[in-house]
Amino acid sequence: MIVSIFNDVIGPVMRGPSSSHCAAALRIGRLARDLMDADVQEVLVEFDRRGSLPTTHESQGSDMGLFGGLMGWDAADERLRDSPKALRETGVGIRIETVDTGDEHPNTYRLTLRNTLDEQHTLIAISTGGGMMEVVNIDGFAVSLFGDYHETLLTVSGNGQALVQRLAALIEVDDIRLHEHCGKQLVQVKAAHFLSETIIIELRKVCPVLQVKRLAPVLPIASRKDTTVPFTTCEAMLLHDAGRNTPLWRLAVHYEMARGNLTESDVIARMVEIVRILRRSIQQGVAGTQYDDRILGHQSGKYGQLMQAGRLLNGGALNRIVLYVSAMMEVKSSLGVIVAAPTAGACAALPGAAIGMAEELELSEEDMAKALLASGLIGAFIATRWTFAAELGGCQAEGGSAAAMAAAALVTLAHGTLSQAVAAASMAYQSMLGLICDPVANRVEVPCLGKNVLAASNAFSCANMALADYDPVIPFDEVVETAHRVAGQMPRELRCTALGGLSITKTSLAIEAQLAGKKAAACGASSCACSQ
Ligand code: SF4
């Protein structure tokens, strides 16, 4: 699938501590709900023992997202924090088990669902980072489904190939696949709309259609057959530009127009809407947020007061950036609305840097949107080649990507050149290589706040260095490849499993036990809807 800035990089708009847990799980849940025709009575969720989810699914919000998705909720729904309880109250039986399946991907969800008619289906999906996911198996059929199409699934018997041919003759769709498994056949149809009843009646004349399932898209930007984008790597973008020095934000607009079949004003208007969401969240964070299941309290308020009173060290615009990064992280930790840009864990560095600096410079929301678009294109180059998932790459994948994106945004705000924006991104990412992921008490707060501040501060320095034409030496694409290679040399314990680094300090374990005790007391030990 071709990466979209709005699907894969700047978004989703969501609640929760981790996009690869909450937002991706919610999307998986929504697709599973559609597979069950919105009738779920029992769900068994299985996680492989060697993956990251057995130790993180509850504390990092997979349960919250998955169960919200099974109820058809949106990723920013304010009821999400109570979704496990709400799902149980609807009478749905939930079991979560750790199993030995040897799944290759650390974020693999195996669901077995049953409805009131005793119909059973299985669905296997992986969360690939930043809220993106892929359904890789339905009822034993090896499928590939990203939530970017209206998907009609037809279980057929008899001559499935003839049905495929008839369908292709009847209407134009984006893709038709015939899957076979244990003597059964499944026809998967990707299109801009579901197959109509009229078409299905026609198909039934060719061979028996035993079951029809309609899975609605869960991504904001739909895919289309034969979509092409002008470039997918930084090197190709520079070649495409051919020395014209087109601003990075404008190249980002061209990219997303091609990817999403959008006009220039659509692209900018969508990003302005995201800027408004981010600004509201930052103001909420500065004003103060409350949430029980959290390590850090409201710290940004005092920082803001000292900053206003001139009692902090004089960091210029950097002081406001640190304030906004802190505020955004506090909103995330209180399950307020955030934008995963590129992930929820690293949701604060980019908006903190870009909006903080833009406000210092008294720039407009459209200027902020252009800076975010520039950052989005840098993120698209990362997502095309690699990942934002800390489970695969450690914090270099989250915080490193955020730093690179923020650096490009800051150069854009300063009206730097294309090559300066790319140089800033390269230098910022280089400085984050090897960064481990080791959340304290399995919450995405510590050292995540510091790592977001680090990413934003690093971006600020690298933007200024790039504006002064410092030489990054290593091209951006090669830095991304290096991060990927370094990830392969990092032990699993340091990639978001909470099994290494600060996660296993005495203090971290004590805080985790204390938070678990508080939660159990709040729920009532025997009837806690959050436990398994
Ligand atoms: S340490 Fe980095 S990657 Fe890990 S949860 Fe925190 S912000 Fe995300």
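The paragraphs below lead through a predicted model, from its nonpolar cores to two of its helices, then to a group of contacts around S83, and at last to its empty spaces.

The largest nonpolar core has 153 residues, and those with the most contacts inside it are I10, M237, L377 and F476. Among the elements that build this core, helix α16, which covers residues 395–413, gives the most, with 13 residues. Apart from this core lies another, of 16 residues, which includes V156, V187, I199 and C207. As a general matter, nonpolar side chains tend to be buried together in soluble globular proteins.

M237 offers a way into the surroundings of the larger assembly. Not counting residues up to four places away in sequence, M237 touches F231, L248, L251, L377, F381, L418 and V422, and L377 in that list is itself named with M237 among the residues with the most contacts inside the largest core. M237 belongs to helix α8, residues 234–241, where C234, M237 and D241 are buried. Seen down the axis of α8, these buried residues fall within an arc of 55°, so they line one face of the helix. An α-helix has 3.6 residues a turn, so residues three or four places apart point the same way. On the other side of α8, by contrast, E235 and L239 are exposed. The cover over the buried residues of α8 includes α9 (248–260), α14, α17 (418–430) and α19 (476–488). After α8 comes A242, whose phi is positive, near 50°.

Helix α13, residues 349–360, shows another kind of setting. Eleven of the twelve residues of α13 are buried, so this helix is largely enclosed by the rest of the structure. The buried residues are A349, L350, P351, G352, A353, A354, I355, G356, M357, A358 and E359. They pack against α10 (264–287), α12 (317–333), α14 (365–385), α16 and α18 (448–467), and α16 is also the helix that gives the most residues to the largest nonpolar core. The length of α13 can be checked as well: at 1.5 Å a residue its twelve residues should span 16 Å, and because its end C-alpha atoms are 16 Å apart, the model agrees with that expectation. α13 is followed by E362, whose phi is positive, near 55°.

A further group of contacts involves helix α5, residues 83–89, in which S83 has its place. With a relative accessible area of 0%, S83 falls under the 20% limit and is therefore buried. Leaving aside its neighbours within four places in sequence, S83 is in contact with D63, M64, F67, G68, M71 and W73. Of these partners, M71 is found in the loop between α4 (62–70) and α5, and at 15% relative accessibility M71 counts as buried too. Apart from residues up to four places away in sequence, M71 touches R33, S83, A86 and L87. A86 is likewise found in helix α5, and its contacts, with neighbours within four places in sequence left aside, are M71 and W73. From C-alpha to C-alpha, A86 and M71 are 8.8 Å apart in space, with their positions 15 residues apart in sequence. M71 and G379, on the other hand, are 308 residues apart in sequence and 31 Å apart in space, again C-alpha to C-alpha.

The empty spaces of the model remain to be described. Rolling a probe the size of a water molecule over the atoms shows where empty space is left. A search of the whole structure finds four cavities of 30 Å³ or more, and about 180 Å³ of space lies in the largest cavity. The largest cavity is lined by 21 residues, of which G345, E398, C437, V444 and C448 lie nearest its centre. At least two residues of this lining are supplied by each of α2, α15 (390–393), α16 and α18; two of these helices, α16 and α18, are also among the elements against which the buried residues of α13 pack.

Among the pockets, the second largest holds about 400 Å³ of space. Its lining consists of 19 residues, and P12, V13, R27, D74 and P220 are those nearest its centre. The elements that give two or more residues to this lining are α2 (19–35) and α10, and α10 contributes the largest share, four residues. Helix α10 thus returns here after its part in the packing around α13, while α2 also supplies residues to the lining of the largest cavity.

Definitions and conventions: Residues numbered from 1 in each chain as written. Predicted model: local features only at pLDDT ≥ 70, side-chain atom pairs only at ≥ 80, totals over all residues. Heavy atoms only, no water. Core = buried A, V, L, I, M, F, W, Y, C linked by side-chain atoms within 4.5 Å. Buried < 20%, exposed > 50% of the residue type's maximum accessible area, 1.4 Å probe, protein only. Contact = heavy atoms within 4.5 Å. Expected span 1.5 Å × (residues − 1). Arc of directions from axis to C-beta. 1 Å grid on protein atoms, 1.4 Å probe; cavity = no way out; pocket = protein on both sides within 12 Å on 5 of 7 lines; lining within 4 Å. Points joined across faces, edges and corners; volume = space filled by probe spheres on them.
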